[in-house]
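Please open the model in your viewer and keep the sequence panel beside it, since each stop on this tour asks you to select something and then look at what surrounds it.

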Amino acid sequence: MQSLLVPLLFSLLLAILLDRLVKLMTRVGLNRIVAISIAVAFAMLALAGLAYFIGTQAAHFSDAIPQLKGKIASTGKDLEHWARNTANVKPSQLHDAVDKVKQNSMEKGGKLVGATLTTVGTLFGFLFLLPVFTFLILYYKDLFHNFLVKLFSNGGQDRLEDVLGQTKSVVQSFLLGRMFETLILAVMNWVSLLIIGVQYALLLAVIGALMNLVPYIGMMVATAITALVAFALQDIHAALWVVAAYAVIQFIDNHFLVPLVVGSRVELNAFWSIVGVIAGGMLWGIPGMFLSIPIIAILKVIFDRVPALEPWGYVLGMGESDEDDDDMKKRDHSKKERS
């Protein structure tokens, strides 16, 4: 089921994002099928370019893995020496604990390798289904729209059209805003790591920006990974500077970039964001963590515009009515007065 739902949901988001581009090309006279094909091909090339960049940079990073392992082993021996002299731990107990950690690491490593092989095996299916599903969703967009209209034929077509229109508009703005935010964060991360002198700054900066798409958890993991690399390849001072720089960047992101670039049309509170990320990870792993926030954002837009579901939209938000919701209520009130 995951092999079907994950590419389907990614395709739905990508189709919503590309719909504006398809409309623009059809307005200038291009055939609709040709316009959809160009839009999907452009998106696939962009994703392939990003994957190629990360792959080539990761290949260079592999040269530093022996040095990284050596630094970690040396640090482990220093911690063992400190525990033996300071914490009054018997050598036999310390060795038993170290052996147990090694054994657990080997078992988890084996499971991780198996999971990685499974992921690689399903990756080709995902890369095949993503453009196919995206093309078909865009091509049959009117069919799906008419289906929903027929489904609500007993009444509420005006409400349905408003929900569909607002959902598409908000999701497009949300996704485009997140893309620009990720680009700006990558540049900020890169500049800060260059100033500190961290090796493989560009790769780590891009990974950190991409992981920021997973709220709260992603940036903490990215900070830990980058600080570990800085500590292993340089010293503890570089690692501390990385933590400080990433903390400042996260502050700028939360208080300036998100309100300015992403906008405030969809505001989700931290509680449901974290719950959604954890639930998405439990269901579908890393792809589920990336999908969780856009899905919750879409649900909130729908809930805010359906009277019976407004309490659910309220509890997902920041506790205050959005301006869009107030405008929508004013439009509904004016319609009732005219009728």
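Begin by selecting M188, which you will find in helix α6, the helix that covers residues 157-196, and bear in mind throughout that this is a predicted model. Is M188 buried, partly exposed or exposed? Its relative accessibility is 23%, so M188 counts as partly exposed, because the buried class requires a value under 20%. Now display the residues around M188: leaving out those up to four places away in sequence, M188 touches I249, I252 and L257. Add A205 to the selection as well, and you can check that its C-alpha atom and that of M188 are separated by 7.9 Å, although the two residues are 17 apart along the chain.

Next, move to T226, which has its place in helix α8, made of residues 217-233. With a relative accessibility of 2%, T226 counts as buried. If you set aside its neighbours within four places in sequence, the residues in contact with T226 are L193, L204, V242 and Y246.

For the last stop, switch on the surface and select I33, F128, V132, L136, Y139, Y140, L143 and F144, which together make a nonpolar surface patch of about 730 Å². Two elements, α4 (91-139) and α5 (141-151), each give two or more residues to this patch, and the largest share, 4 residues, comes from α4. Finish on F144, which lies in helix α5 and, with a relative accessible area of 42%, is partly exposed.

Methods:
Residues numbered from 1 in each chain as written. Predicted model: local features only at pLDDT ≥ 70, side-chain atom pairs only at ≥ 80, totals over all residues. Heavy atoms only, no water. Buried < 20%, exposed > 50% of the residue type's maximum accessible area, 1.4 Å probe, protein only. Contact = heavy atoms within 4.5 Å. Patch = residues over 30% accessible without salt bridge, like charges linked within 9 Å, V, L, I, M, F, W, Y side chains within 5 Å. Areas by Shrake-Rupley, 256 points an atom, 1.4 Å probe, with all protein chains shown as cover. Salt bridge = Lys/Arg side-chain N within 4 Å of Asp/Glu carboxyl O.
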